[in-house]
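Let's look at a protein together and ask how each label we put on it is earned. Have the structure open as you read.

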Amino acid sequence: MDLGIRGKRALVCAASKGLGRGCAEALAAEGVDLVINARGEEALANTAAELADRYGVTVDHVAADITTDEGRAKVLEAAGDLDILVNNAGGPPPGHWLDWSRDDFIKAVDSNMLTAIALMQATVPGMMERRWGRVVNITSAAVRAPIAVLGLSNTARTGLTGFVAGMSRDVIKHGVNVNNLLPGLHATARADSLDGGTAKAEGISIEEARARRQASIPAGRYGEAGDFGAACAFLCSEQAKFIVGQNLLLDGGALNVTM
Ligand code: NAP
């Protein structure tokens, strides 16, 4: 299916690796020109070169911490007028609810709620003027089914979800669709680090921790960045124009609910 977005311009944040990279690659495969971002220059430059070479699109890259005002200003300046925005940043560390300080919460809210909101505030007005836009926020399955040790993530991402619920219904009349993608367990560096944390806490090997977590997923495996990117590209497509303010869960069936 032709997604009808060839020649559009997208910013994909936190995209040198993992799910952000999966989204960037799926958009590039549809002929979308990209600006990608991450903090580390080397992996980011390699990803940009690979995607440009493989798909024949323009891929600019900006090494910056997207959770800071300066980082966002640098990325937005390079991005110019955008048609598509994919919001992403690293997730907060696991821990125990009794241990988290006010500063820990502020950091999580800055990274996983206010950064996405600031980027939408900076880019969606232009999309509205041009009468076409798509925003996909990478959140987490934890907004549907909380993960106690990821309480900082549960808190910040649920705040973003509430914001999008209202804002998406305001901007759709100007041709801008805003939706959220909720990853369950996917095979990325983040999953490796969470497997490591589980292994340490339970005194088992990483392989055992991973096998247990995979067994909890009806699909019997972790998701792949490519699966995730394909869903992102569809939400950015011309065909997705009637999908507004939704929260699409990609978890291999892990959440046992009817709807
Ligand atoms: P990942 O494999 O660790 O990749 C993270 C990417 O984000 C890297 O390119 C990293 O590059 C970049 N990044 C991290 N912090 C950044 C920052 N402050 N500014 C700019 N770039 C930044 O992570 P992932 O698994 O793709 O996860 C992506 C998001 O989905 C995270 O918020 C994660 O918590 C959430 N999530 C993941 C899963 C899963 O199973 N994988 C499940 C639920 C939710 P640099 O380090 O060079 O900046």
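The questions below go from the overall form to the salt bridges and then to the ligand, and the model is a predicted one.

Q: What makes 18 Å a fitting radius of gyration for a compact globule with 259 residues?
A: For a chain of 259 residues, a compact globule would come out near 18 Å, and the protein has 18 Å, so the two agree. Its C-alpha trace spans about 55 × 40 × 35 Å along the principal axes. You can pick out eight helices and seven strands in the protein, and 47% of the 259 residues count as buried.

Q: Why is the contact between Glu-25 and Arg-54 called a salt bridge?
A: A side-chain nitrogen of Arg has to lie within 4 Å of a carboxyl oxygen of Glu, so a pair that meets this limit earns the name. For Glu-25 and Arg-54 the N to O distance is 2.7 Å. Glu-25 sits in helix H1 (residues 18-29) and Arg-54 in helix H2 (residues 41-55), so the pair links distant parts of the chain, 29 residues apart. Behind this is a simple idea: side chains of opposite charge can pair when their charged atoms come close.

Q: Is Glu-25 buried or exposed, and how do you know?
A: Glu-25 has 19% relative accessibility, and buried means under 20%, so Glu-25 counts as buried. Its partner Arg-54 has 47%, which falls between 20% and 50%, so Arg-54 is partly exposed.

Q: Which residues are linked with Glu-25 and Arg-54 in a network of salt bridges?
A: Arg-21 and Glu-50 join them in that network. A search of the whole structure finds 14 salt bridges.

Q: What makes Arg-213 and Asp-195 a salt bridge?
A: Their closest N and O atoms are 2.7 Å apart, and the cut-off is 4 Å, so the label fits. This pair also links distant parts of the chain, with Arg-213 in helix H7 (residues 206-215) and Asp-195 in helix H6 (residues 189-202), 18 residues apart.

Q: Why are Arg-213 and Asp-195 called buried?
A: Arg-213 has a relative accessible area of 18% and Asp-195 has 0%. Buried means under 20%, so both residues get that label.

Q: How do you know that Asp-227 and Arg-221 are partly exposed?
A: Asp-227 has 32% relative accessibility and Arg-221 has 38%. Partly exposed covers the range between 20% and 50%, so the label suits both. Their side chains meet in a salt bridge, at 3.3 Å from N to O.

Q: What makes the approach of Thr-188 to the ligand a polar contact?
A: A polar side-chain atom of Thr-188 lies 2.4 Å from an oxygen atom of the ligand, and the limit for a polar contact is 3.5 Å, so this pair qualifies. Backbone atoms take part too: a polar one of Leu-19 is 2.7 Å from a ligand oxygen, and an N or O atom of the His-186 backbone lies 2.8 Å from one. Taken alone the ligand exposes 880 Å², and the protein buries 89% of that.

Q: Which residues come nearest to the ligand, and which elements supply the shell?
A: Of the 28 residues around the ligand, Ser-16, Leu-19, Arg-39, Ala-89 and Thr-188 come nearest. H1, strand S2 (33-38) and H6 each supply at least two residues of the shell. By kind, the shell holds ten nonpolar, 13 polar and five charged residues.

How values were computed:
Residues numbered from 1 in each chain as written. Predicted model: local features only at pLDDT ≥ 70, side-chain atom pairs only at ≥ 80, totals over all residues. Heavy atoms only, no water. Helix = DSSP H or I, 4+ residues; strand = E, 2+ residues; numbered from the N terminus. Buried < 20%, exposed > 50% of the residue type's maximum accessible area, 1.4 Å probe, protein only. Near = heavy atom within 4 Å. Polar contact = N/O pair within 3.5 Å; in protein donor to acceptor, adjacent residues only side chain to side chain. Areas by Shrake-Rupley, 256 points an atom, 1.4 Å probe, with all protein chains shown as cover. Nonpolar A, V, L, I, M, F, W, Y, C, P; charged D, E, K, R; others polar. Rg over C-alpha atoms; globule rule 2.2 N^0.38 Å.
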